[in-house]
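I opened this notebook to record, step by step, what I looked up around the ligand and at one helix.

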Amino acid sequence: MLIKRPNDYLPSEITPRGLFERRRDFLRLSTAAALGAMLPEAFANAKLAGIRPGPYAATDAQTPYSKVTTYNNFYEFGTDKSDPAETSGKFRARPWKISIEGLVKKPKTLDIDDILKLAPLEERIYRLRCVEAWSMVIPWIGFPLSTLLKHVEPLGSAKYVEFVSVVQKDTMPGLSGFGSLDWPYTEGLRIDEAMNPLAIVAVGLYGEVLPNQNGAPVRVVLPWKYGFKSAKSIVTIRFVDKEPVSSWMKAGPSEYGFYSNVNPEVDHPRWTQSSERRIGEFFKRKTLMFNGYGDQVAALYTGMDLRKNY
Ligand code: MTE
């Protein structure tokens, strides 16, 4: 069963136009079969135990599970919003290991089961604002990213953290798309951003383990930044001394910056960022500075000109 994309959903606007058009041509020609792929009959749906309510629960209405898990950006599975749910059925989220390395005292390779035991699981209901000007409200399950990072005792020389997503060639049809991103998908944060209490490692949503299309088995969630900063299906976390260059910075340096904080005053070169479409709602809403999380994160950027350092 193909999920039809409503006409008003713009296709893959995050992609620089040239890249996008080349990829669409390629898709049209060669992956008609993949587009006809079946939606997996059932998602993993396994319940996570011992979840407690966490801080920062947005009071906005939550976006239904059916939308959160079928309207996705996960280019490794294809560029249409429905691709990740339709083509990620063969993805292997277990066994799974994350290497935490670089400028740290105790580099470690942790199994997903070790990670799940690092801290009590919390529910964090966060707004997610995509750079494409749509948004959702998602009840994530996870724990503070700082807990995971402190585990390896970062050195004083570490100034940034790099997140690297998995490359699973045999299960990710989007990887071979002509003119696609420079894989693996890579993102980065300044250390103090990564240690901010709002930043989480997510292992689930709606009380269940993360579906493949949402970044199974582990991703980060950074609700004050555009969604593309929240790398999915992470296999490496690397502490470095220089600002990492992310996949999107490489693909469109004039369109995607390192900080990418939600900012209604700095438009994307091809569209306004002053408003957004909340998935499931008819009228547009005004976009809030830092996606409404200014009280928690504005101090990280004191003295910085956020119009230039986007
Ligand atoms: N991570 C990887 N590895 N690949 C991607 O294509 N897309 C990003 C981000 N993380 C992406 C990724 C973008 S653009 C967004 S908006 C969010 O994931 C979407 O997360 P969701 O599908 O769980 O809502």
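Before looking for the ligand I noted what a cavity is: on a 1 Å grid over the protein atoms alone, a set of points where a 1.4 Å probe fits but cannot get out. The model I am reading is a predicted one.

Entry on the ligand's place. I looked up where the ligand is, and found that the ligand sits in the largest cavity. I then listed its surroundings, which come to 18 residues, the closest being Tyr75, Glu76, Arg219, Ser230 and Lys232. Sorting the residues of this shell by kind, I wrote down 9 nonpolar, 6 polar and 3 charged.

Entry on polar contacts. Which atoms of the ligand does the backbone reach? For Asn73, I found a backbone N or O atom 3.2 Å from a nitrogen atom of the ligand, and for Tyr75 a backbone N or O atom 2.8 Å from an oxygen atom of the ligand. Glu76 takes part through its side chain, with a polar atom 2.8 Å from a nitrogen atom of the ligand. I also looked up how much of the ligand is covered: on its own the ligand has 530 Å² of accessible area, and the protein covers 100% of that.

Entry on Asp83. I turned next to helix H4, which spans residues 83–87 and contains Asp83. Is Asp83 buried or exposed? I noted Asp83 as buried, because its relative accessibility is 4% and the cut-off for buried is under 20%. Last, I looked for a partner of its side chain, and found that a polar atom of the Asp83 side chain lies 3.1 Å from the backbone nitrogen of Thr79.

Technical notes:
Residues numbered from 1 in each chain as written. Predicted model: local features only at pLDDT ≥ 70, side-chain atom pairs only at ≥ 80, totals over all residues. Heavy atoms only, no water. Near = heavy atom within 4 Å. Polar contact = N/O pair within 3.5 Å; in protein donor to acceptor, adjacent residues only side chain to side chain. Areas by Shrake-Rupley, 256 points an atom, 1.4 Å probe, with all protein chains shown as cover. 1 Å grid on protein atoms, 1.4 Å probe; cavity = no way out; pocket = protein on both sides within 12 Å on 5 of 7 lines; lining within 4 Å. Sits in = over half its atoms within 2 Å of the grid points. Nonpolar A, V, L, I, M, F, W, Y, C, P; charged D, E, K, R; others polar. Helix = DSSP H or I, 4+ residues; strand = E, 2+ residues; numbered from the N terminus. Buried < 20%, exposed > 50% of the residue type's maximum accessible area, 1.4 Å probe, protein only.
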